[in-house]
Amino acid sequence: MLNTKEKIIDESRQGEALEGRRLPKSNGRKVFIESYGCQMNFSDSEIVASILQKDGYGITKLLHEADIVFVNTCSIREKAELTVRKRLTEYNKQKRKNPKMIIGVLGCMAERLKSKFLEEEKIVDLVVGPDAYRDLPNLVEEVDGGRKAVNVILSKEETYGDIAPVRLGGNGVTAFVSITRGCDNMCTFCVVPFTRGRERSRDPNSILQEVRELSLAGYKEVTLLGQNVDSYLWYGGGLKKEFDNLSEEEKKTSTNFAQLMGKVAQVDRKVRIRFSTSHPKDMGDELLHVMARHENICDYIHLPFQSGNSRVLEMMNRGYTREWYMNRIDAIKRILPTCSISADIIAGFCSETEEEHQETLSMMEYVRYNFAYMFKYSERPNTMAQRKYEDNIPGKTKQRRLAEIIELQRGHSLEILKKDIGKTYEVLIEGVSKKSDNELYGRNTHNSVVVFPRENYNVGEYVMVTVESCTSATLKGKAVK
Ligand code: SAH
Ligand code: SF4
Ligand code: F3S
């Protein structure tokens, strides 16, 4: 997945400019941006910051000095929306102290609720969907003129390909680069196709350019983002097409995901490449072979399966069966024998029986994931599942099934990480450990977090670390020369 971390962005860096960017004259106004949801949203906030900075706005990490507050929102589960509503109450308190403050809602919840937001939440001045960010300066002007402003038009072409994001809240080491927008998959439980619109791929030249600029600016890791990166296909722009439907001319000049990965990996061998999210129905062997060929492509795949039962998968409209998913796992294990795998899992989807839940657990036994993002099914308004099926698994049962999934996963994570004790991994240092100033943390190729004594090492360096112990979530070790 795009990993759904319902957490607040830490805007510790105020958009350090990429090579060559010149900032326009300041208009004296400061914008505070807070992001929720998946990495795509965090990446979008960096595009928003860039658009506003070009228009003379400053970016601040301090709410109390903000003239404009934007919250980039997520609708994936009910809880995500509740979190945003709580934040809006907080902003409202701030607005009482500073009545001129503008409050805007961006992202998926803005798209889902549209102008209803303005009616429901009296404190919101501006509602802007994910494809309308170029319009932000005009919309703010509207609000300055005393009107409320809404733009939730979804686009067939917009990829923001030409916009160099202002890296917010980053560590200057790892960065996200969006390669597709939207999603055409229509999984029945999911709001994303409605909030993000149709799938489009971004021009590979602009992707390569962004990766080059990141490399020049000293970044050491790039994660390519899309709801389904495997279906990336550039043929000149516009809505997603299948390769077979391209004209002969388009076929010759097209770029698929495996080809894109091959090119991105060659930009700078010292820059690690990751990607998220892969979709089991589209992940082919070609990608796995490209991963095997390039050492700087990390040995890690996030491959959500949602449910281990074919009937439930069919109801979810995931486009694969249990057997197909297992076949993809077998291909990973054959072509990339040491590859670590993670997943997204949903417990208690409509009409899921106890036996079907057991098949989710047995799939976990089959694959042995390094880690997983595990959720209770949350019915979302206007999705296919909400219209067609009854959300009939009692809350308690959902909770118990989720607890069983989490328990099993904790055991697997611990068992897998234990096997790393004694091994030495290259770790890219991402920061100082939250627990101790004397320790640094980073990740190895498998996306496992590794903590080790600081000594004289610095953030942004690669260091070899021998693993000495672990918990179910973290490896601990010592750097070796
Ligand atoms: N495009 C990615 C997923 C993006 S959403 C993919 O297809 O893998 C991230 C995860 O949130 C999903 O994989 C799913 O596990 C979970 N999710 C999405 N909708 C949900 C819902 N209605 N209830 C519970 N979990 C949900
Ligand atoms: Fe949602 Fe499915 Fe698209 Fe993922 S692939 S974003 S789960 S519709
Ligand atoms: Fe991402 Fe949440 Fe939207 S997961 S795409 S921000 S609904």
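In which cavity does ligand 2 sit? Ligand 2 sits in the largest cavity of this predicted model. Local features require a pLDDT of at least 70 and side-chain atom pairs a pLDDT of 80 or more, whereas totals for chains, interfaces and linings use all residues, and side-chain values rest on heavy atoms, with hydrogens and water left out. Residues are numbered from 1 along each chain as its sequence is written, chains are lettered from A and ligands are numbered from 1 in the order in which they are written.

**View 1. The largest cavity.** The whole structure holds 3 cavities of 30 Å³ or more. A cavity is a set of points, on a 1 Å grid over the protein atoms alone, where a 1.4 Å probe fits but cannot get out, and its lining residues have an atom within 4 Å of a point. Points are joined across faces, edges and corners, and a volume is the space filled by probe spheres set on them. The largest cavity encloses about 560 Å³. It is lined by 34 residues, of which Ile-76, Phe-189, Cys-190, Val-192 and Gln-227 are the closest to its centre.

**View 2. The shell of ligand 2.** A molecule sits in a cavity if more than half of its atoms lie within 2 Å of the grid points, as ligand 2 does in the largest cavity. Among the residues around ligand 2 (a heavy atom within 4 Å) are Cys-183, Cys-187, Cys-190, Gln-227, His-279 and Arg-318. This shell comprises 7 nonpolar, 3 polar and 1 charged residues. Nonpolar covers Ala, Val, Leu, Ile, Met, Phe, Trp, Tyr, Cys and Pro, charged covers Asp, Glu, Lys and Arg, and the others, including Gly, are polar.

**View 3. The shell of ligand 3.** Ligand 3 also sits in the largest cavity. Of the 10 residues surrounding ligand 3, the closest are Cys-38, Cys-74, Ser-75, Cys-108 and Gln-227. The shell divides into 5 nonpolar, 4 polar and 1 charged. Domain 1 (29-151) and domain 2 (171-298) each contribute at least three residues to the shell around ligand 3; the bounds come from an automatic or database domain assignment.

**View 4. Cys-339 and Cys-470.** The model contains 0 disulfides (pairs of cysteine sulfur atoms within 2.5 Å). The sulfur of Cys-339 is too far for a bond because the closest cysteine sulfur, in Cys-298, is 9.9 Å away. Cys-339 is buried (under 20% relative accessible area, 1.4 Å probe, protein chains only), at 11%. For Cys-470, the closest cysteine sulfur is that of Cys-339, 19 Å away and likewise too far for a bond.

Conventions
Buried means under 20% relative accessible area, exposed over 50%, partly exposed in between (1.4 Å probe, protein chains only). On a 1 Å grid over the protein atoms alone, a cavity is a set of points where a 1.4 Å probe fits but cannot get out, and a pocket is an open set with protein on both sides within 12 Å along at least five of seven lines; lining residues have an atom within 4 Å of a point.
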